[in-house]
Number of protein chains: 4
Amino acid sequence: MIIRLDVNSEEALYIQLMNQIKYGVANGYLTPGEKLPSVRGLASELGINMHTVSKAYNLLKDEGILVVNRSKGVTVSESVLIRTDDAYLSVLKKKLEEVVYECEVNGISKAEVDEMLAEVYLDLGGK
Amino acid sequence: MIIRLDVNSEEALYIQLMNQIKYGVANGYLTPGEKLPSVRGLASELGINMHTVSKAYNLLKDEGILVVNRSKGVTVSESVLIRTDDAYLSVLKKKLEEVVYECEVNGISKAEVDEMLAEVYLDLGGK
Amino acid sequence: MIIRLDVNSEEALYIQLMNQIKYGVANGYLTPGEKLPSVRGLASELGINMHTVSKAYNLLKDEGILVVNRSKGVTVSESVLIRTDDAYLSVLKKKLEEVVYECEVNGISKAEVDEMLAEVYLDLGGK
Amino acid sequence: MIIRLDVNSEEALYIQLMNQIKYGVANGYLTPGEKLPSVRGLASELGINMHTVSKAYNLLKDEGILVVNRSKGVTVSESVLIRTDDAYLSVLKKKLEEVVYECEVNGISKAEVDEMLAEVYLDLGGK
DNA sequence: GTGGTCTAGACCACC
DNA sequence: GTGGTCTAGACCACA
């Protein structure tokens with residue numbers, strides 16, 4: 001899986017990295033159980049610091065997406081556990097709300113949001 | 001127009017302030033040419049620092065939404081056209097993408113996202 | 001509130017720090033809303049690195065015990081939210097189980113555990 | 001005696017192994033003088049590295065629980081007396097303290113902790 | 001070789 | 001002055 005970071009982005013490197021990995025998991029580029037590069041390996045490959053990679057890996061571990069083992073390395077969680085309980089759904093809804101709110105503030109209509117959403121799913125590969 | 005800031009929000013105060021003003025302009029609560037409170041006046045009204053208000057006003061001036069005039073104070077631009085350029089749209093799309101990734105990772109289907117989105121707009125209707 | 005770290009302990013410094021702060025909150029040495037020393041201030045006071053303090057503060061933020069604000073500093077959460085839902089209770093029970101298991105493994109009887117527990121509450125100040 | 005290791009546990013494998021053996025000795029599943037499997041045999045049986053078993057055996061030897069003899073292999077010490085010294089008791093007490101702190105922070109009373117503890121021992125009775 | 005922890009020191013955004 | 005992020009480089013425990 002190819003990972004590209006934009007050092008000029010306003011987004012923190014570890015956030016970008018987290019998103020890329022999430023994207024990979026969502027699209028099947030990374031499969032449950034698959035081993036990821038070592039913290040130091042990926043860091044040197046991306047030309048960034050070990051701690052930055054470590055931070056991203058650990059946050060994804062907290063989110064239940066990765067499994068981190070001190071001596072065996074980092075893998076995609078076998079059970080990228082499907083969290084569809086109501087509490088979690090409401091968290092996601094809140095995130096959606098934030099985006100919608102920002103669209104409203106800028107005069108972007110629901111139709112345009114729908115269109116963007118459709119594009120996102122299209123980019124995602126139609127699945 | 002009523003402005004509400006959340007000091008505990010992760011969002012910087014000046015960003016919140018900018019959004020509230022943009023929202024007011026986009027929805028007609030603030031009309032072109034309308035005079036806004038002075039930097040000091042608004043700051044004291046909101047209980048925040050003068051610099052924070054000033055920063056928001058100036059950034060909105062840069063965006064062409066406000067006009068700052070030494071003697072006349074701050075007014076809404078006569079020629080506001082809150083419309084987001086493509087660059088900004090892509091920022092929003094990226095935010096949408098993040099939410100979608102998270103849904104995918106957790107096995108939440110596009111249909112469910114559509115439903116959530118509809119609900120968000122429904123809730124918004126009650127404002 | 002006095003904080004003492006043991007650099008020779010096997011326990012990581014940031015864990016020790018977290019526990020001391022938790023202890024402070026549990027015993028009223030730190031009250032809801034109270035401001036804590038700045039990341040750098042506490043670090044220099046304790047003679048440790050800024051990042052170590054930052055890590056402890058942030059983990060406590062994740063646990064809902066502290067509130068971290070980029071420009072206003074760190075405070076004890078106003079609502080050190082009482083989490084007594086069943087899901088959370090079962091987490092605590094699991095932690096208790098681990099301790100009990102270790103006692104069993106070493107031939108320490110329930111009576112002795114009860115005694116230790118009583119002592120802990122006694123040390124805590126009887127409240 | 002059946003030994004079960006959890007490779008995904010945060011606890012190091014050799015620690016888990018030590019605890020299982022101690023548990024066996026403390027509860028009579030392993031009797032003084034009884035011969036244990038060879039390092040290589042147990043390692044292959046458990047599917048773990050030989051070094052890991054060796055480390056556990058040697059640490060238990062240091063604790064006086066096992067006897068390692070070049071020609072006779074590894075046996076349970078004839079004079080085992082699994083009894084924890086005060087230093088170790090204070091380690092356990094510290095662990096108990098941590099759980100208690102967390103309960104306090106979350107408004108869980110001593111009575112509730114006592115109740116949980118009783119439940120833990122009840123669950124344990126079913127082993 | 002794997003991740004975890006800690007230090008030292010830099011630059012940034014926000015107020 | 002506040003915390004956040006990133007880098008560079010060191011030592012440790014575990015397998």
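This report looks at the surfaces around two DNA strands and at the pairing of chains C and D in a predicted model.

**The DNA strands**

Let's begin with DNA strand E, which has 27 residues around it; Ser38(A), Ala12(C), Leu13(C), Asn49(C) and Ser71(C) come nearest. Several elements give two or more residues to this surface: helix 2 (39–46), helix 3 (50–62) and strand 2 (73–76) of chain A, plus helix 1 (13–26) and helix 3 (50–62) of both chain B and chain C.

Around DNA strand F there are 27 residues, and those that come nearest are Ala12(A), Leu13(A), Asn49(A), Ser38(C) and Leu13(D). Here chain A supplies at least two residues from each of helix 1 (13–26) and helix 3, chain C does so from helix 2 (39–46), helix 3 and strand 2 (73–76), and chain D from helix 1 (13–26) and helix 3 (50–62).

The table sets out the classes of residue for these surfaces and for the side of chain C that touches chain D.

| Surface | Nonpolar | Polar | Charged |
|---|---|---|---|
| Near DNA strand E | 10 residues | 14 residues | 3 residues |
| Near DNA strand F | 10 residues | 14 residues | 3 residues |
| Side of chain C touching chain D | 18 residues | 4 residues | 9 residues |

**Chains C and D**

Now for the protein pair: 31 residues of chain C are in contact with 30 residues of chain D. On the chain C side, helix 1, helix 4 (86–105) and helix 5 (110–123) each supply at least two residues, and helix 4 gives the most, with 11 residues.

How do the two copies relate? A turn of 171° and a shift of 0.5 Å along the axis lay chain C on chain D with an RMSD of 2.6 Å. The copies meet through the same surface, because 90% of the interface residues of chain C are also interface residues in chain D.

How values were computed:
Residues numbered from 1 in each chain as written. Chains lettered and ligands numbered in written order. Predicted model: local features only at pLDDT ≥ 70, side-chain atom pairs only at ≥ 80, totals over all residues. Near = placed C-beta within 6 Å. Helix = DSSP H or I, 4+ residues; strand = E, 2+ residues; numbered from the N terminus. Nonpolar A, V, L, I, M, F, W, Y, C, P; charged D, E, K, R; others polar. Least-squares fit on C-alpha atoms with pLDDT ≥ 70 in both. Contact = placed C-beta atoms within 7 Å.
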